[in-house]
Amino acid sequence: MNSIFYFASSKPSEKALSSFEGKGYASKMEDLRIAILGHRFMGRAHSNGWSQTTRFFDPPFRSVLQVACGLDAEDLQAYADRWGWAEI
């Protein structure tokens with residue numbers, strides 16, 4: 001599986017999107033599956049941020065909270081359930 005990391009604060013240009021065409025990438029990003037390492041304070045802060053991206057930006061993808069990783073399995077499961085992570 002190919003991954004595309006999106007760090008810009010605005011939509012990618014048509015030139016940037018077209019550079020992925022014909023290389024096994026979709027010309028338009030639909031889902032951005034996110035993984036996070038750590039579930040304490042900063043994990044919660046980043047979960048909150050990813051959950052609210054469409055309130056502040058108009059991204060060309062949908063943020064999907066896919067995988068959360070952490071050391072304490074019981075606490076991690078409670079965190080994943082509360083913030084909407086698909087799996088741990």
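User: Tyr79 and Trp85: buried or exposed?

Analyst: Both are buried, meaning under 20% relative accessible area (exposed is over 50%, partly exposed lies in between; 1.4 Å probe, protein chains only). Bear in mind that this is a predicted model, where local features need pLDDT of at least 70 and side-chain atom pairs count only at pLDDT 80 or more, while totals for chains, interfaces and linings use all residues. Residues are numbered from 1 along each chain as its sequence is written, and side-chain values use heavy atoms, leaving out hydrogens and water.

User: How many aromatic pairs are there by the ring rule, and what makes Tyr79 and Trp85 a pair of their particular kind?

Analyst: Just one pair. Its ring centres, in Tyr79 and Trp85, are 6.5 Å apart and the planes sit at 25°, so it's stacked. The rule takes rings of Phe, Tyr and Trp (its six-membered ring) with centres within 6.5 Å; under 30 degrees between planes is stacked, over 60 edge-to-face, the rest tilted.

User: Which residues make up the largest nonpolar core?

Analyst: It has 10 residues, among them Tyr79, Trp85, Phe61 and Leu76. A core is a set of buried Ala, Val, Leu, Ile, Met, Phe, Trp, Tyr and Cys residues joined through side-chain atoms within 4.5 Å. β1 (31-37), β2 (62-69) and α4 (73-83) each bring in at least two of the core's residues. Those elements are DSSP runs, numbered from the N terminus: helices are H or I with at least four residues, strands E with at least two.

User: How do you know where the buried residues of α4 lie around its axis?

Analyst: In α4, Leu76, Tyr79 and Ala80 are buried. Viewed down the axis, the buried residues of α4 stay within an arc of 100° (taken from the directions from helix axis to C-beta atoms), so they line one face. On the face turned away from that buried side you find exposed Glu74, Asp81 and Arg82.

User: Why does His39 count as it does, buried or exposed?

Analyst: His39 has 4% relative accessibility, so it counts as buried. It sits in the loop between β1 and α2.

User: What joins the side chains of His39 and Asp75?

Analyst: A polar contact of 3.2 Å. The term needs a pair of N or O atoms within 3.5 Å; within protein, one must be able to donate a hydrogen and the other to accept it, and residues adjacent in sequence count only if both atoms are side-chain atoms. His39 also has its C-alpha atom 6.8 Å from that of Tyr79, 40 residues apart along the chain.
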